[in-house]
Amino acid sequence: EQAVAVAGGITGGILLFVLIGITAYLLWKKFCRLLSYEKLTSPVKMANANAIFQDQSTSEIQLKSTRSRSVPFIIPPTLAGRDWINLTNEEQVQEESDPYVIPQCGPRSSFHSLAGAYVVGTINPELYKFPEDKSETDFPEGNIGRLWFSIEYEQESERLLVSLIKVRKLQPPADSCSSFVKIYLLPDERSYLQSKTKHKTLNPQFDENFVFQVSSKMLLQRTLKFLVYHVDKQKKHHLLGQVIFPLKNETLTDDNKLVIWRDLEKENLE
């Protein structure tokens, strides 16, 4: 019995010692976490507000220097009810209601600027321009006109669809110009399709559709030919220029409509 009592006392002492050790370890670990948290947050508490505001004003000056011809950002209706003060360069900033809130430095997007009551950003329109179409502005020296058209081929019906769109910068023998276009599908020069006549304009807009019946086997051996004519007061026809467009190098399908422009060339009598 004495041996059993001594063994039980020793076992209980060991368990108590282990429990005390675990408790001490957990308390020490929690104390270390609190200490590290205080070390991380202490620099924020000791930050100099004047230095932060100075850095922010410097970054704002640099942003303003790059905002030439910018479009002012529109304030959403949900923020329209707040108090805003006017600044230069059509920018606005919300008055701080809490003097203890220190704004963060560094670049911020327009969304964060509104949410955090900072300077509202602007949109640079130069970044959103579409590529400029220079086909109606860049004409080489000696140009006698330029023609726009589109082509599409229907496989099932074996039809070649040709859309005559417009002609620009015609050079007629007289001051006024009344023009029309004849369209051939070479090598057949006996038949052609003709557009309507556009009167008293050097830049006629046609927007007319034409259909040629041609098999898919013969399609790549054909060539489109456009002849642009001027009609004078005596009803005489004067050829102003032509466009020759071979189909052999083109991929024509139902879902592939090609819009093409070509400069007019003088007729080659040979």
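Colleague: In which loop does Asn 143 lie?
Modeller: In this predicted model, Asn 143 is placed outside the strands themselves, in a connecting segment of the chain. The strand on one side is S4 (122–123), and the strand on the other is S5 (146–154). Asn 143 therefore belongs to the loop between S4 and S5.

Colleague: Is Asn 143 buried or exposed?
Modeller: The cut-off for a buried residue is a relative accessible area under 20%. Asn 143 has a relative accessible area of 14%, so Asn 143 counts as buried.

Colleague: Which residue has its side chain joined to that of Asn 143 by a polar contact?
Modeller: Leaving aside residues up to four places away in sequence, Asn 143 touches Gln 171 and Asp 263. A polar atom of the Asn 143 side chain also lies 2.8 Å from the backbone nitrogen of Gly 145, but that partner contributes a backbone atom. The contact between side chains, at 3.3 Å, is the one with Asp 263.

Colleague: Which backbone nitrogen lies 2.9 Å from a polar atom of the side chain of Ser 195?
Modeller: Ser 195 is found in the loop between strand S8 (188–194) and strand S9 (205–213), and with a relative accessible area of 6% it is buried. Not counting residues up to four places away in sequence, Ser 195 touches Leu 164, Phe 180, Val 181, Phe 206, Glu 208 and Phe 210. Among these touching residues is the one whose backbone nitrogen lies at 2.9 Å, namely Val 181.

Colleague: How far apart in space are Ile 165 and Glu 208, C-alpha to C-alpha?
Modeller: Ile 165 is found in strand S6, which covers residues 159–168. Beyond its neighbours within four places in sequence, Ile 165 is in contact with Trp 148, Phe 149, Ser 150, Gln 205, Phe 206, Asp 207 and Val 259. Although Ile 165 and Glu 208 are 43 residues apart in sequence, their C-alpha separation in space is 6.7 Å.

Colleague: Which peptide bond is cis, with omega near 15°?
Modeller: Most peptide bonds are trans. The cis bond leads into a proline found in the loop between strand S7 (179–186) and S8, and it runs from Leu 186 to Pro 187.

Colleague: Is Lys 235 buried or exposed?
Modeller: Lys 235 sits in the loop between strand S10 (223–231) and strand S11 (237–246), and it has a positive phi of about 65° although it is not a glycine. Glu 158, in the loop between S5 and S6, also has a positive phi, of about 55°, and at 29% relative accessibility Glu 158 counts as partly exposed. For Lys 235 the relative accessibility is 66%, and because the cut-off lies at over 50%, Lys 235 counts as exposed.

Colleague: How many residues in the lining of the second largest pocket are charged?
Modeller: The second largest pocket has a volume of about 240 Å³, and its lining consists of Ala 174, Ser 176, Ser 178, His 199, Lys 200, His 230, Val 231, Asp 232, Lys 233 and Lys 235. Of these residues, 2 are nonpolar and 4 are polar, and the number of charged residues is 4.

Colleague: What percentage of the residues of the chain count as buried?
Modeller: The chain has 4 helices and 12 strands, and its accessible surface comes to about 19500 Å², of which 56% belongs to carbon and sulfur atoms. Of its 270 residues, the part that counts as buried is 29%.

Definitions and conventions
Residues are numbered from 1 along each chain as its sequence is written. This is a predicted model: local features need pLDDT of at least 70, side-chain atom pairs count only at pLDDT 80 or more; totals for chains, interfaces and linings use all residues. Side-chain values use heavy atoms; hydrogens and water are left out. On a 1 Å grid over the protein atoms alone, a cavity is a set of points where a 1.4 Å probe fits but cannot get out, and a pocket is an open set with protein on both sides within 12 Å along at least five of seven lines; lining residues have an atom within 4 Å of a point. Grid points are joined across faces, edges and corners, and a volume is the space filled by probe spheres set on the points. Ala, Val, Leu, Ile, Met, Phe, Trp, Tyr, Cys and Pro count as nonpolar, Asp, Glu, Lys and Arg as charged, and the others, Gly among them, as polar. Helices (H or I, at least four residues) and strands (E, at least two) are DSSP runs, numbered from the N terminus. Buried means under 20% relative accessible area, exposed over 50%, partly exposed in between (1.4 Å probe, protein chains only). A polar contact is a pair of N or O atoms within 3.5 Å; within protein, one must be able to donate a hydrogen and the other to accept it, and residues adjacent in sequence count only if both atoms are side-chain atoms. Contact means heavy atoms within 4.5 Å. Accessible areas come from the Shrake-Rupley method with a 1.4 Å probe; for residues, only the protein chains shown count as cover.
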